[in-house]
Amino acid sequence: MSEYPREYASVEDARRQLLDVSPVLDVEEIDLRDALGRVLAEDAVSDIDVAPFDHSAMDGFAVRTLDLAKATEADPVELGVIAHIGAGDHLERAIESVTTARIMTGAAVPAGADSVIKIEDSCTVSGEGGIGSIISFTAPAISGKNIRRRGKEVAAGQIALHAGEILGPAGIGLLSATGHPTVQVYRRPRVAVVSTGSELVDAHTVPGPGQIRNSNSYSLGAQIIAAGGIPIDYPGIEDTYEATKEALTRAAQECDFVVTSGGVSGGDFDFVKPVLEDIGTPYHCKVNMRPGRPQTMGVIKETPFFGLPGNPTSSYVGFEMFVRPALRKMQGHTELTRPVIHARITHDAKKHQDRRYFLRGTVRRGDGGDLECTVEGDQSSALLRSVHEGNAFIVLPEGFSPVPAGTEVDCIRLDVDEGVEL
């Protein structure tokens, strides 16, 4: 049996418990094109110098600084063009005294040249700037100017990206340049989504008397995808012990994580908790928060399990606060918490319970430039519009004290990824 309290948990305890039983998953090799947002599982070493050769950063002329050392507007230096070098070309001939080569951006700098003069900083004396033309220069060249050196990004044998880094578009481009068409990343968790309730029907069904559409399976599936997981939607189950046990047993066998919605309170038809006690190890069944106090967390045959309330907003908040951090940990992420900022609430807020409140609201800049937060719409745990229209959870700490307008409160930014500093 767990060391943790089973009947009651603070928000911090509940999160810690779930993180403790949520393992980092194994590693898989995937195509680099599929690696966006994944966590690199091993250091990626470059097989070549990047760039692999000195190349021009500008369209211009490759020159020797020695030839232009005495160039002035009053006494310009003229050089003859011996080559026209484009990207992908390689000039075998070296740039020698009083010669130059017209060179395009990205092209290899020829031997002998140690500077590139931009086209607009030169003047054609004869010809059209191509081979055989004479080019006039009115100022000295600077060694290394407009040349990107070989190995400037990363040298052969050096680490291009380190294990634990999150792969964004630029990182994926760098891995391609350093010889990694496939990469080793932590596996994405397969997350079972099990909705309980005899009253539930699917979105395409018009509800009959006493029925409601199963919105939770859709919103939870989207939240799982947003957290990097793979949602596996199981058919809604009726409110019986046998159906609940069968569904949870199967889900725990087939998936890396099981999340349910509904059936976690103490009603006559709430069977998630007794089933968990039968087939798994429960850790708690309540969290000191609003919305979403009734929640059930545990392990079923080594598979992490989290039972969310049936009310849509309670389910949404519980997922954000507990399940999302666990799914991120399983994928190798180390930043597990959304950014928290301080903002002044624009109106009075009252508390009727000694719980931590997570009000759905919006954070924005006020007229004076300070951050302000405002509660959005109806805060009923059955309604999702306030979450949809807001961008933050406005956090009111435990206790009964009212929160007057102008009070600085914590706001969890739902529109900003973990690890981003605001």
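Which residues form a negative surface patch? Select Glu29, Glu42, Asp43 and Glu165, and you have the patch on screen. Keep in mind as you click around that this is a predicted model.

Stay with Glu29 for a moment. This residue sits in strand 1, which covers residues 27–31, and Glu29 is exposed at 53% relative accessible area.

Next, go to Asp26, in the loop between helix 1 (11–21) and strand 1. Show its side chain together with Arg187: the two form a salt bridge, with the closest N and O atoms 2.7 Å apart. Arg187 belongs to the loop between strand 12 (182–186) and strand 13 (190–195), so this pair ties together parts of the chain 161 residues apart. Color by accessibility if you like: Asp26 is partly exposed at 46%, and Arg187 is partly exposed too, at 21%.

Now select Arg150 and Asp49. Here is another salt bridge, again with 2.7 Å between the closest N and O atoms. Arg150 is in the loop between strand 10 (147–148) and strand 11 (159–161), while Asp49 is in the loop between strand 2 (44–45) and strand 3 (55–56), 101 residues away in sequence. Arg150 is exposed at 52%, whereas Asp49 counts as buried at 18%.

For a pair with both partners buried, pick Arg324 (3% relative accessible area) and Glu418 (7%). Their side chains meet in a salt bridge at 2.6 Å, N to O. Arg324 is part of helix 6 (residues 312–330), and Glu418 lies in the segment after strand 26 (408–413), 94 residues apart.

How many salt bridges does the structure hold? The count is 16. Before leaving them, select Glu12, Arg356 and Glu398, which are linked in a salt-bridge network.

Then try a charge without a partner. Asp239, in the loop between strand 16 (230–233) and helix 4 (241–254), is buried yet has no salt bridge. Which side chain of opposite charge is nearest to Asp239? That would be Lys273, 16 Å away. Show what does touch Asp239, leaving aside neighbours within four places in sequence: Thr196, Gly197, Ser198, Glu199, Phe269 and Phe271.

Last stop: Val206, in the loop between strand 14 (200–201) and strand 15 (212–213). Buried or exposed, this Val206? Exposed, at 66% relative accessible area. Beyond neighbours within four places in sequence, Val206 contacts Gln211 and Arg213. To finish, draw a C-alpha to C-alpha distance from Val206 to Asp410: 41 Å in space, for residues 204 apart in sequence.

Technical notes: Residues numbered from 1 in each chain as written. Predicted model: local features only at pLDDT ≥ 70, side-chain atom pairs only at ≥ 80, totals over all residues. Heavy atoms only, no water. Patch = residues over 30% accessible without salt bridge, like charges linked within 9 Å, V, L, I, M, F, W, Y side chains within 5 Å. Areas by Shrake-Rupley, 256 points an atom, 1.4 Å probe, with all protein chains shown as cover. Salt bridge = Lys/Arg side-chain N within 4 Å of Asp/Glu carboxyl O. Lys, Arg positive; Asp, Glu negative; His and termini not counted. Charge placed at Lys NZ, Arg CZ, Asp CG, Glu CD. Helix = DSSP H or I, 4+ residues; strand = E, 2+ residues; numbered from the N terminus. Buried < 20%, exposed > 50% of the residue type's maximum accessible area, 1.4 Å probe, protein only. Contact = heavy atoms within 4.5 Å.
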